[in-house]
Amino acid sequence: MVKLRASAARWHSDDFPGWVEISVRDALGQDHRVIEKIPVVTTLDVRADSSFPIGFWIEAEIEGVDGGSMVVALPCGMATTEGRRSLSVVPADIDQARYRHDRQWLDYAVHELPAGVLYGPDGATPGQCAEMLVALNEFAGVCARLWLDDHSEFIEACRWHFDHYPHYLGRRRHFRDYATYVRDRHGPLRTPSPACPDWLRIR
């Protein structure tokens, strides 16, 4: 069994015992909708007047492997609104471990802004910024699958710096410092740090 992150998007029906529309994201970050009875999908006290969306975990049975993803059967005979009973997903524990690793190096890479972007203990080179842009895109996919939608501003601020810092390095003689370069281009002087997910804080 593997854990999948799901989200109750809205109340669907008052028919007993109460039905909700939930969404599960596959390995590509695509949402799949499921309409199901509340007791089938979660033990949480979900009501028509609850504040949606509501995140929770569901357990799914592994059916096989699809490249770097797992094919899992949705629990309790559930099916998506398209009639799919299995999905290719990245298990939550793998995404959580990747999130912890990537969040650590991202926070470090931008923690000295607006002085500059770091790669390890040194300032990043243009080639290293290109590597970090690729890794940032992967981190964005992890955040999407974990429903960390509040990370978008942080991700885009990191993207701005990883994209612009190489240009600054090539033209640094024209600027007093990187902070001046950022201001001249109306970029973010610092990256807004999103709150850590609850499951990360309790570890």
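This is a short tutorial dialogue on reading some features of a predicted model.

User: Let's start with the strands. Which strands does β1 pair with, and how do they run?

Analyst: A general idea comes before the case. In a regular strand, side chains alternate between the two faces of the sheet. In this predicted model, β1 is joined to strand β4 (residues 54-66) by 7 bridges, and the two run antiparallel. On that side, Leu4 stands opposite Ile58 in β4. Strand β2 (residues 19-25) is also antiparallel to β1, with 6 bridges between them. There, Ser13 has Trp19 in β2 as its bridge partner.

User: What should I look for in the backbone between β1 and β2?

Analyst: Here it helps to know what is usual: most residues other than glycine have a negative phi, and most peptide bonds are trans. The hairpin of β1 and β2 has 5 residues between the strands, and Gly18 there takes a positive phi near 105 degrees. Pro17 sits in the loop between β1 and β2, and the peptide bond leading to Pro17 from Phe16 is cis, with omega near 0 degrees.

User: Where is Pro114, and what is the peptide bond from Leu113 to Pro114 like?

Analyst: Pro114 lies in the loop between α2 and β7 (118-119). The bond from Leu113 to Pro114 is cis, with omega near 10 degrees.

User: Which residue in the loop between β5 and β6 should I check for its phi?

Analyst: Try Cys76, found in the loop between β5 (69-73) and β6 (86-89). Its phi is near 60 degrees, a positive value in a residue other than glycine. Cys76 counts as exposed because its relative accessibility is 63%. You can also visit His186, in the loop between α5 (178-184) and α6. His186 is not a glycine, yet has a positive phi of about 55 degrees. At 74% relative accessibility, His186 counts as exposed.

User: Is His151 buried or exposed?

Analyst: His151 counts as buried because its relative accessibility is 0%, and the cut-off for buried is under 20%. You will find His151 in the loop between α3 (126-145) and α4. Its side chain makes a polar contact of 2.9 Å with that of Asp150. Beyond its neighbours within four places in sequence, His151 is in contact with residues including Tyr99, Arg103, Phe139 and Pro194.

User: And what about Glu153: buried or exposed?

Analyst: Glu153 is exposed, with a relative accessible area of 57%. This residue belongs to helix α4 (residues 152-170). Its C-alpha atom is 6.9 Å from that of Pro192, though the two are 39 residues apart along the chain.

User: How many cavities of 30 Å³ or more are there?

Analyst: Rolling a probe the size of a water molecule over the atoms shows where empty space is left. The count here is 1 cavity of 30 Å³ or more. The largest cavity has a volume of about 80 Å³, and its lining includes Lys3, Leu4, Arg5, Asp26 and Asp95. β1 supplies the largest share of that lining, 3 residues. By class, the lining has 6 nonpolar, no polar and 6 charged residues.

User: What lines the largest pocket?

Analyst: The largest pocket holds about 330 Å³ of space. Its lining has 17 residues, with Arg5, Leu146, Trp147, Leu148 and Pro197 nearest the centre. β1, β4 and α6 (198-201) each give two or more residues, and α6 gives the most, with 3. The lining divides into 9 nonpolar, 3 polar and 5 charged residues.

Key
Residues are numbered from 1 along each chain as its sequence is written. This is a predicted model: local features need pLDDT of at least 70, side-chain atom pairs count only at pLDDT 80 or more; totals for chains, interfaces and linings use all residues. Side-chain values use heavy atoms; hydrogens and water are left out. On a 1 Å grid over the protein atoms alone, a cavity is a set of points where a 1.4 Å probe fits but cannot get out, and a pocket is an open set with protein on both sides within 12 Å along at least five of seven lines; lining residues have an atom within 4 Å of a point. Grid points are joined across faces, edges and corners, and a volume is the space filled by probe spheres set on the points. Helices (H or I, at least four residues) and strands (E, at least two) are DSSP runs, numbered from the N terminus. Ala, Val, Leu, Ile, Met, Phe, Trp, Tyr, Cys and Pro count as nonpolar, Asp, Glu, Lys and Arg as charged, and the others, Gly among them, as polar. Buried means under 20% relative accessible area, exposed over 50%, partly exposed in between (1.4 Å probe, protein chains only). Two strands pair if DSSP finds at least two bridges between them. A polar contact is a pair of N or O atoms within 3.5 Å; within protein, one must be able to donate a hydrogen and the other to accept it, and residues adjacent in sequence count only if both atoms are side-chain atoms. Contact means heavy atoms within 4.5 Å.
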